[in-house]
Every structure is written in C-alpha cells, then in structure tokens.
Amino acid sequence: MKKQLASDYLIYDEASGIYKEDAEQAVRDDVEKHQWLNVVGIIARDWRLYIMLVPMLLVFLFWRYFPMYELLGCFKVQDEVKTVANQFYLGFSNFKLLLSGSTTLSMDFWRAMRNTFLLSFYGLCFGFPMPIIVALFFNEIRSNIARSVYQVLTYLPKFMSTVVMTTLVTMLVKQGSLTTSMGILSQLFVKLGLISAEVGNAGLLNAPNFFRAIYQISGIWEGAGYDSIVFFAAIIAISPTSYEAAQIDGAGKMAQMRYVVLPSILSTIVIMLISRIGSLLNVGYEKVLLLYNQNTYVTADVVSTFAQRYAFDGGLKGLASAAEMMNNVVGMLLVISANTIARKASNVSLY
Amino acid sequence: MKRKLEISELIFKIISYLFLTVFAISCLYPFVYAISASMSGRSAVEYSQVVLFPKETQFEAFKVMFSDNLFWNAYSNTLFLTFYGTLWALGVALLGAYALSKKRLLFRKGFNFFLVFTMWFSAGIVPQYLNYLNTQKVFNAVGIMDDKWLVVIAMGMAAMNIILLRNAFEGVPSEIEEAAIVDGATEFQILSKVYIPMCKSTIATVALFFGISRWNGYYWARQMISNPSERPLQVFIRLKLEEYQDPEQMAGWNKSYASDSIIYALIVCSVIPILVIYPFIQKYFAKGVNMGGVKE
C-alpha cells in the first residue's frame with residue numbers, strides 16, 4: 001500500500017492481486033512535465049539549424065507580416081503622427097464608404113473591382129490556353145535545331161523587364177501628330193483595318209476600348225513562349241508507343257490530341273490552372289500602372305492602382321488599405337477554394 | 001485510311017510551323033525595330049520610314065545618352081542592386097531552405113505555413129509602402145542613409161524560390177548527410193560542402209530568378225529612392241519616357257535625331273546585357289519552370 005501511495009504509476013491488478021506499473025502513463029506524464037524543457041533541449045542541441053532559420057524569418061516578418069499589421073490601418077482613424085497601434089478605432093466606415101455605391105469614390109472602387117476581375121478573367125480565358133497550344137505546336141517540330149531556335153526566340157520577351165516591355169508597347173502604338181506619324185504597330189493595325197486612322201492617331205493607349213486587348217495581347221506575347229515549357233515537358237514525356245497504338249486504331253491527328261495528349265497533360269494543366277485561379281485577383285499592377293493614363297481609367301484602373309492613387313495622390317491611406325484588404329481577402333479565398341476543389345476532384349494540389 | 005491520317009498530320013504540321021514562325025518573328029521584331037530606330041535619322045523615324053534596317057544612319061542618340069552621367073549612374077546602380085540584392089536574397093534563402101528541408105526541425109509545418117501564407121495573402125501596395133517608410137526611418141537612425149541598401153535588404157524575397165530550394169535539398173539522400181556527420185561536419189559545413197555542390201543547378205536557377213527580378217525591379221525602386229543619382233536603370237528609362245511624352249518638354253526639339261531615338265537607344269542599352277548572357281542562362285530558366293511544383 002505504501003508503494004502505491006508513493007507512486008501514481010502503479011495500478012492494482014485485481015486478477016493477479018499484485019501491483020503493476022502503468023508504463024504508458026509514466027511516459028505521458030514525463031513528456032508533459034518536461035515538454036518545454038525538451039523543446040529547449042532539442043533546439044540547444046541543434047542550435048545551428050535554428051540560427052539558419054533566423055534571417056529568413058526576420059525578413060518575412062519585417063517585410064511581409066508587418067505590412068499586414070499596417071493594413072489594419074483600414075479600421076483606424078487615419079493619423080500621420082501616430083502609429084497604427086495608437087490610432088483610434090474607427091470600425092468599418094472605410095469599407096462602408098467604398099461599398100456604398102453612391103459617391104464618386106465608391107463608383108471608382110467598384111469600377112476598379114470590376115476591371116481587376118475582368119482583366120484576370122480574360123487572362124484566364126485567352127492567356128491560359130495559349131502556352132498549351134504553343135507547346136502542342138513545338139511538339140510538331142521534329143528537328144531539334146529548328147525547335148531550339150523557335151524556343152529561344154519565343155522565350156525572349158519574358159526576359160525583358162516590365163518597364164522595357166511597356167516602353168516598347170507605348171512607342172509602337174504611340175499617337176501621331178501633324179509632324180510625326182503614329183507608331184508602327186498602329187499603322188499596321190490601320191492597314192489591316194483593325195482600327196480606324198483617327199484612333200491610331202489619337203494613340204491606341206488613349207482609347208479605353210483597346211486597353212484590355214493591349215494588356216492581354218502584350219501578356220500573351222510576353223509569356224506564351226516561356227509558359228509553354230511546363231506543358232511541353234509534359235508532352236514530350238508521353239511515350240511514342242501511345243501514339244503508335246492510337247495510329248493503329250485509326251486515330252487521326254485530332255483524335256490523338258483528344259485521347260492521347262490531353263489525358264497525359266491533364267494533371268499539369270490542372271496544377272497550372274489552380275495557380276492561375278489563385279492569383280486571379282493579383283493583376284500585375286506594375287504593368288497596368290505603366291500602361292494606363294487618365295483617359296483609360298474606365299477600363300484600366302484596377303484595385304492596386306486605385307489604392308495607390310488615392311493613397312499617394314489623395315492622401316486617403318485608410319481607404320486605400322480597405323480597398324486592398326477586400327481585394328486580397330477575396331483573392332485568398334479564391335486560392336484556398338481552388339486548391340480544395342482540385343484536391344477533392346483530382347488529387348492534385350498545389351500547396 | 002493510312003493516307004487520310006497523313007493528311008491531317010501534315011496540315012497540323014504546316015499550321016504549327018506557320019504559327020510558330022509568325023510568333024517567333026513577332027517576338028524578335030520589336031527589338032530589331034528598336035535597334036534600327038535608335039540609329040536612324042530624324043525624318044526617317046518621325047515619318048515611320050524605318051521598317052527593318054536603319055535609314056539615314058546616325059549615332060547621335062547613343063552619343064548623347066553615353067555622355068549623360070545619370071545614365072551611367074543608373075547603370076551602376078542597377079548592377080549594384082542586382083549583385084548585392086541577389087547575394088543577400090540567395091544567402092537568406094539558402095540558409096532558410098536548408099533548415100526547412102530537415103525533417104527533425106521543430107515546428108517545421110508552422111515555419112512552412114509562415115512562408116506559404118505570404119503567397120496566399122499579401123498586404124498590398126499601400127501598407128507595404130507605409131512599412132517601407134518605417135524601415136527607412138530605422139535605417140536612417142542606424143546611419144544607413146543610402147536608400148539602395150533599403151531596396152537590397154527589404155525587397156525582392158520570394159517564398160516560391162525558397163520552396164524550390166527546399167524541395168531540391170529534400171531530394172538529397174540522407175545517407176550522404178549522415179556520412180558527413182560521422183566525419184564530424186557541422187551544419188554549415190554540411191550545407192556548404194554537401195548540399196550546395198549537389199544542388200548546383202537548382203541554386204543557379206534560383207539565383208537567376210532573384211537576379212532577373214532585381215535587374216528588372218522598378219516600382220519600389222522608384223517609390224523609395226528619391227536621390228536622382230541613385231536611381232536604377234528601369235526607373236531612369238521610365239522617367240525618360242514620361243519626359244518624352246510631355247509635349248511641353250518636347251516642343252522645342254531641334255536635334256538632328258528624333259526624340260524617339262533616345263528612348264529606343266535606352267531600350268537597346270538595357271536589353272543588350274541580358275541578350276549577351278541569355279544563351280548561357282536560358283537552360284536554367286527552362287529547368288526552373290519544371291521544378292515549380294509546390295508540395296508540403
């Protein structure tokens with residue numbers, strides 16, 4: 001009896017009439033008691049490994065997570081002197097102001113939301129299939145040298161900076177005047193009958209109707225070659241015997257595409273599609289910023305550019321933060337749901 | 001039956017060649033045009049007589065640009081940002097990715113989530129800007145007045161690149177590491193003597209991603225660097241373009257070359273270094289895309 005009182009780990013076994021040690025309980029209690037000591041011990045033993053983590057964690061903390069804290073300014077009264085922590089709590093009035101739909105500001109915000117969504121959506125519709133098509137075409141070229149030449153040339157625009165790309169676009173579709181003619185690309189479009197001479201002379205980038213087209217086409221021009229690499233890698237991994245089998249069964253080119261190529265690259269397509277949907281609301285603000293102007297706000301202004309214009313030119317930082325908050329929360333929900341759906345549907349997931 | 005098959009394949013082949021040829025030409029042509037336009041005479045450029053080759057050849061635009069001190073400043077600033085920015089980002093990423101690749105790391109899932117979450121949710125431009133302003137104050141208080149260092153240290157880290165490195169490190173067989181431990185190697189030695197040599201090509205790819213994004217970096221450099229002589233090339237090009245688009249500034253243009261030529265010359269100068277190293281780095285880029293699968 002004395003022994004039982006001294007220790008909690010002994011249990012009386014009725015059948016045999018002796019005390020037995022409860023080993024599992026002993027271990028569990030031991031872990032509980034020394035858990036935090038253990039953590040310290042493990043870290044101390046491996047301290048070099050944890051030291052290696054520190055710079056990365058600090059970089060992400062300071063310049064990825066602190067901005068998120070700064071984002072809380074959208075719930076606060078804007079104050080140039082106080083930090084976010086000390087500003088007065090305002091509640092959701094910034095959001096109400098943006099969403100109300102009656103003021104100019106709110107209408108601008110809704111326009112920006114709509115443009116953000118449309119630019120991404122068109123990117124998904126036109127920009128996404130292009131690399132797949134290009135990859136299929138690459139696959140048709142049997143000569144390695146010829147294919148390398150094509151690949152090197154079509155990857156090229158991806159290496160240009162956004163600034164160089166937009167500068168080139170701006171110059172190629174620039175406006176004409178009495179003493180100078182319009183950009184050479186505009187001239188080509190006028191000759192092909194795609195645009196009228198007046199529009200070309202006024203500058204294609206000043207025409208709201210053409211902004212989305214310019215944005216998408218320049219995006220495809222920039223990325224279609226380079227983005228095809230992934231799909232091309234998936235296509236060349238298909239065994240030649242699959243094609244042969246299909247040919248023996250009498251499959252033409254389209255049937256081969258449908259029954260051999262497409263199923264083989266489907267998982268790659270799904271993965272790329274998820275990541276694309278995930279960044280649906282992450283429109284490349286830099287490109288928009290470099291291409292748009294006052295004349296094209298109607299179709300070009302996206303949430304990021306809206307926010308930075310109102311914050312830096314208008315001084316409304318709280319409102320701008322609120323706009324970005326909404327955009328980014330919706331964006332995050334899209335990533336998570338796209339990923340979940342894909343995981344359930346096809347066992348392919350990105351994160 | 002057999003013949004019909006060949007026809008459908010032939011048609012597809014012809015379409016492929018046709019499409020790719022047009023696409024490849026459209027990718028190359030703007031750069032050729034930029035080179036020609038930067039070297040053509042004023043009337044040839046202004047009346048769009050330049051189509052492929054330079055007309056009324058002049059080199060004034062290049063000469064004027066090369067004599068501009070701000071241009072050389074911008075170039076050296078870009079080299080500075082690219083070199084130190086890549087070094088810093090790669091160093092941080094290598095150490096972090098190595099630690100994350102170890103299964104025995106405590107809270108490994110938590111640290112991974114810490115990274116991946118930044119890919120899902122970003123605060124946005126305005127909060128980031130406000131945060132950089134705070135950083136700038138701290139830097140200035142410590143005595144670093146040079147905004148270039150702010151751009152080097154605070155910007156350009158990408159979670160995606162760290163995950164690429166982590167996946168590569170995870171692929172190294174653990175037996176090799178165990179052998180090194182038996183030989184008495186410390187973590188740093190294992191990283192530098194075993195992991196880095198074994199993952200050379202992935203590291204080269206990631207370094208390239210960092211380098212290119214630094215070379216091309218524009219927005220934050222423009223926002224955070226106020227001193228004109230500290231601006232990188234991309235900002236310099238953009239400011240020149242804005243200057244050129246301003247009709248008031250261009251009203252009294254009376255040079256022997258068109259104002260466009262200056263812009264084209266700038267484009268050519270900023271693209272040439274990339275074109276020179278492009279053939280050597282292209283294969284790493286192709287590799288990097290295929291490594292892009294993220295898993296946890």
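Helices here are DSSP runs of H or I, at least four residues long, numbered from the N terminus. By that rule, Lys193(B) is found in helix α10 of chain B. The model is predicted.

## Chain A overall

Chain A has 17 helices and two strands. It holds 351 residues, and 36% of them count as buried. Take the contacts in chain A between residues at least 6 apart in sequence: 59% join residues at least 24 apart.

## Three helices of chain A

The table sets out the expected and modelled lengths of three helices.

| Helix | Residues | Number of residues | Expected span | End C-alpha distance |
|---|---|---|---|---|
| α3(A) | 47-71 | 25 residues | 36 Å | 34 Å |
| α5(A) | 104-127 | 24 residues | 34 Å | 32 Å |
| α11(A) | 208-236 | 29 residues | 42 Å | 42 Å |

The expected spans rest on 1.5 Å a residue, and for α3(A) the end-to-end distance agrees. The distance for α5(A) agrees with its expected span too. So does the distance for α11(A).

Two of these helices have a listed bend. α3(A) bends by about 35 degrees at Leu61(A). α11(A) bends by about 45 degrees at Ala224(A).

Which residues of α3(A) are buried? Leu49(A), Met52(A), Leu53(A), Met56(A), Val59(A) and Phe60(A) are among them. Further along α3(A), the buried residues include Trp63(A), Arg64(A), Phe66(A), Pro67(A), Glu70(A) and Leu71(A).

In α5(A), the buried residues include Phe109(A), Ala112(A), Met113(A), Asn115(A) and Thr116(A). Leu119(A), Ser120(A), Gly123(A) and Gly127(A) of α5(A) are buried as well.

## Tyr259(A)

Tyr259(A) lies in helix α13 of chain A, which covers residues 253-278. Is Tyr259(A) buried or partly exposed? It counts as partly exposed, because it has 15 C-beta neighbours inside 10 Å. A residue needs 20 or more to be buried. Leaving out residues up to four places away in sequence, Tyr259(A) touches Ala246(A) and Ala251(A). Tyr259(A) and Asn282(A) are 23 residues apart in sequence, and their C-alpha atoms are 34 Å apart in space.

## The contact between the chains

How many residues does each chain give to the contact? Chain B gives 74 residues and chain A gives 71 residues. On the side of chain B that touches chain A, these elements give two or more residues: α1, α4, α5, α6, α10, α11, α13 and α15 of chain B. α1(B) gives the most, with 17 residues. By class, this side of chain B has 48 nonpolar, 17 polar and nine charged residues.

## A helix pair in chain B

Helix α4(B), residues 69-100, packs against helix α11(B), residues 200-216. The angle is about 145 degrees, and the axes are 8 Å apart. The crossing of α4(B) past α11(B) is right-handed. From α4(B), the contact uses Thr78(B), Leu81(B), Thr82(B), Gly85(B), Thr86(B), Ala89(B), Leu90(B) and Ala93(B). From α11(B), it uses Val206(B), Ala207(B), Phe210(B), Gly211(B), Arg214(B) and Trp215(B). Sorted by class, this contact has eight nonpolar, five polar and one charged residues.

## Single residues of chain B

Lys193(B), in α10(B), is partly exposed, because 13 other C-beta atoms lie within 10 Å. Lys193(B) and Ser261(B) are 68 residues apart along the chain, and their C-alpha atoms are separated by 51 Å.

Ala159(B) lies in helix α8 of chain B, residues 159-170. It is buried, because 21 other C-beta atoms lie within 10 Å. Not counting residues up to four places away in sequence, Ala159(B) touches Leu115(B), Val116(B), Thr118(B) and Met119(B). Ala159(B) and Met119(B) are 40 residues apart in sequence, yet their C-alpha atoms are 6.8 Å apart in space.

Two loop residues have positive phi without being glycine. Phi of Glu56(B) is near 50 degrees. Glu56(B) sits in the loop between α2 and α3 of chain B. It counts as partly exposed, with 15 C-beta neighbours inside 10 Å. Phe107(B) has a positive phi of about 55 degrees. Phe107(B) lies in the loop between α4 and α5 of chain B. It also counts as partly exposed, with 13 C-beta neighbours inside 10 Å.

Methods: Residues numbered from 1 in each chain as written. Chains lettered and ligands numbered in written order. Predicted model: local features only at pLDDT ≥ 70, side-chain atom pairs only at ≥ 80, totals over all residues. Axes fitted to C-alpha atoms, helices over the stretch in contact; angles between N-to-C directions. Left-handed = near helix turned anticlockwise from the far one by under 90°. Contact = placed C-beta atoms within 7 Å. Nonpolar A, V, L, I, M, F, W, Y, C, P; charged D, E, K, R; others polar. Expected span 1.5 Å × (residues − 1). Bend = angle between axes of the 7 residues up to and from the residue. Buried ≥ 20, exposed ≤ 12 C-beta atoms within 10 Å, placed from the backbone.
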